[in-house]
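Me: Hi! I'm new to this one and would love a friendly walk through it. Can you show it to me?

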Amino acid sequence: MLRSLSVHLDDFIPGWRTQSERIPYHVLILVLEGNVSYRIDGRDHVAEPGDLLLVPAGTRRAGSTHPSGPHRKFTATFNFDAEAGGAVPLLRENRFIRFKPRHFPYLEQRFERLFEEFRSSEAYGTFVCEAILLELLGLAARELDKPELTPIQARYAERMKRHLMEHYREQVEIRDLARLIGRSPNYAASVFRETIGLSPIRYVHQLRVAEAGRLLLHSDMTVARIAEYLGYYDTSYFFRMFKKHTSLSPTDYVARGGRRDGRPPLAD
């Protein structure tokens with residue numbers, strides 16, 4: 001099984017640098033903002049926002065702030081035994097990988113949860129961290145094995161996404177998205193999930209919770225009124241969805257000024 005060693009959020013650290021060394025562990029990196037300079041086994045690479053990188057154990061690696069300025073990224077280091085390596089092709093191949101995953105928003109959410117679990121003192125945190133790492137590696141392997149989306153699929157997904165962003169406060173029906181692109185409900189849901197990384201329903205909840213956070217901090221609306229405004233006519237259900245997406249209750253969110261561990265819990 002995997003063994004999580006560390007999880008970091010590098011948040012625009014001035015002059016960030018890691019020395020050149022042959023690392024005895026694997027590194028999984030998700031770049032959120034800014035560029036990062038790496039030298040991997042004698043070759044230079046520039047990681048950009050939206051990139052997912054896997055640097056395998058035994059690699060000679062060095063890293064530094066890119067000349068364009070500081071960056072923001074999640075980094076997880078881990079080891080694994082032979083049994084786990086056999087189950088995850090990315091680990092078995094033992095090669096450096098850098099690519100832009102289509103499911104970036106979901107991967108960012110999972111990295112954030114991994115970061116929180118690693119820092120917390122909750123029971124079974126180690127098991128949760130290892131499970132999230134396996135999920136991240138599995139999702140990356142799945143994307144690399146699948147062919148790229150066709151241009152028409154990308155257009156369908158963008159059309160549905162734009163529709164949801166304009167109507168997220170309304171009742172969402174998959175059949176409406178299907179009619180929008182002239183395809184079946186199953187096809188519409190599948191293309192959306194494959195492209196965005198979330199189901200249409202979950203994406204709507206994410207949009208609603210992000211707006212709820214803004215209203216909690218910048219309006220005098222009550223929680224019940226915000227819930228109704230966003231299409232949640234059961235306030236207790238709104239509470240559950242808000243905590244599911246932010247790990248905070250609306251009350252705690254306001255008390256912390258919308259921030260957790262020094263950063264906003266919601267990402268656009």
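Reply: Happy to. One term before we start: helices and strands here are DSSP runs, numbered from the N terminus, where a helix has at least four residues and a strand at least two. Keep in mind that this is a predicted model. With that numbering, Arg 113 sits in helix 3.

Me: Okay, and how many helices and strands does the protein have?
Reply: There are eleven helices and nine strands in the protein.

Me: Since you brought up Arg 113, is it buried or exposed?
Reply: In between. Arg 113 counts as partly exposed because its relative accessibility is 35%, and the partly exposed class runs between the 20% and 50% cut-offs.

Me: How far is Arg 113 from Ile 132 in space?
Reply: Their C-alpha atoms are separated by 8.1 Å, while along the chain the two residues are 19 apart.

Me: Let's zoom out. What does the C-alpha trace span?
Reply: About 55 × 45 × 40 Å along the principal axes of the protein.

Me: And how does the radius of gyration fit with a compact globule?
Reply: It agrees. The protein has 268 residues, so a compact globule would have a radius of gyration near 18 Å, and the protein has 20 Å.

Me: What share of the residues is buried?
Reply: Buried residues make up 47% of the 268. As for the outside, the protein exposes about 13,900 Å², and carbon and sulfur atoms supply 50% of that area.

Me: What about contacts between residues far apart in sequence?
Reply: Take the contacts with a separation of 6 or more: residues 24 or more positions apart account for 71% of them.

Me: Switching topic: how many cavities of 30 Å³ or more are there?
Reply: One. About 40 Å³ of space lies in the largest cavity.

Me: Which residues line the largest cavity?
Reply: The lining is made by Leu 28, Leu 52, Leu 53, Leu 54, Leu 90, Ile 97, Phe 99 and Ala 140. Two elements give two or more residues each to this lining, namely strand 6 (52-55) and strand 9 (97-99).

Me: Which element gives the most?
Reply: Strand 6, with three residues.

Me: And how does the lining split by class?
Reply: The lining of the largest cavity has eight nonpolar residues, with no polar and no charged ones.

Me: Phe 99 is on that list. How far is Arg 39 from Phe 99?
Reply: The C-alpha atoms of Arg 39 and Phe 99 are 16 Å apart, with their positions 60 residues apart along the chain. Arg 39 itself belongs to strand 4, which covers residues 36-40.

Me: What does Arg 39 touch?
Reply: Leaving out residues up to four places away in sequence, Arg 39 touches Asp 44, Arg 60, Arg 61 and Ala 62. Arg 39 is partly exposed, with a relative accessible area of 40%.

Me: Now the loops. Which residue has a positive phi near 55 degrees?
Reply: That is Phe 12, a residue other than glycine. Phe 12 lies in the loop between strand 1 (2-11) and strand 2 (17-22), and is partly exposed at 37% relative accessible area.

Me: And what is the phi of Tyr 124?
Reply: Tyr 124 has a positive phi of about 65 degrees, although it is not a glycine. You'll find Tyr 124 in the loop between helix 3 (104-119) and helix 4 (125-145). Tyr 124 counts as exposed because its relative accessibility is 62%, and the cut-off for exposed is over 50%.

Me: Is Tyr 232 buried or exposed?
Reply: Buried, with 3% relative accessibility. Tyr 232 is placed in the loop between helix 9 (223-229) and helix 10 (235-246).

Me: So what does Tyr 232 touch?
Reply: Among the residues it touches, beyond those up to four places away in sequence, are His 205, Arg 208, Tyr 237 and Met 241. Tyr 232 and Arg 208 are 24 residues apart in sequence and 9.3 Å apart in space, C-alpha to C-alpha.

Me: Last one: where is Ala 178?
Reply: Ala 178 is in helix 6, residues 174-181. Ala 178 is buried, with a relative accessible area of 4%. Not counting residues up to four places away in sequence, Ala 178 touches Arg 183, Ser 184, Pro 185 and Ala 188.

Technical notes. Residues are numbered from 1 along each chain as its sequence is written. This is a predicted model: local features need pLDDT of at least 70, side-chain atom pairs count only at pLDDT 80 or more; totals for chains, interfaces and linings use all residues. Side-chain values use heavy atoms; hydrogens and water are left out. On a 1 Å grid over the protein atoms alone, a cavity is a set of points where a 1.4 Å probe fits but cannot get out, and a pocket is an open set with protein on both sides within 12 Å along at least five of seven lines; lining residues have an atom within 4 Å of a point. Grid points are joined across faces, edges and corners, and a volume is the space filled by probe spheres set on the points. Ala, Val, Leu, Ile, Met, Phe, Trp, Tyr, Cys and Pro count as nonpolar, Asp, Glu, Lys and Arg as charged, and the others, Gly among them, as polar. The radius of gyration is taken over C-alpha atoms; the globule rule is 2.2 Å times the number of residues to the power 0.38. Buried means under 20% relative accessible area, exposed over 50%, partly exposed in between (1.4 Å probe, protein chains only). Contact means heavy atoms within 4.5 Å. Accessible areas come from the Shrake-Rupley method with a 1.4 Å probe; for residues, only the protein chains shown count as cover.
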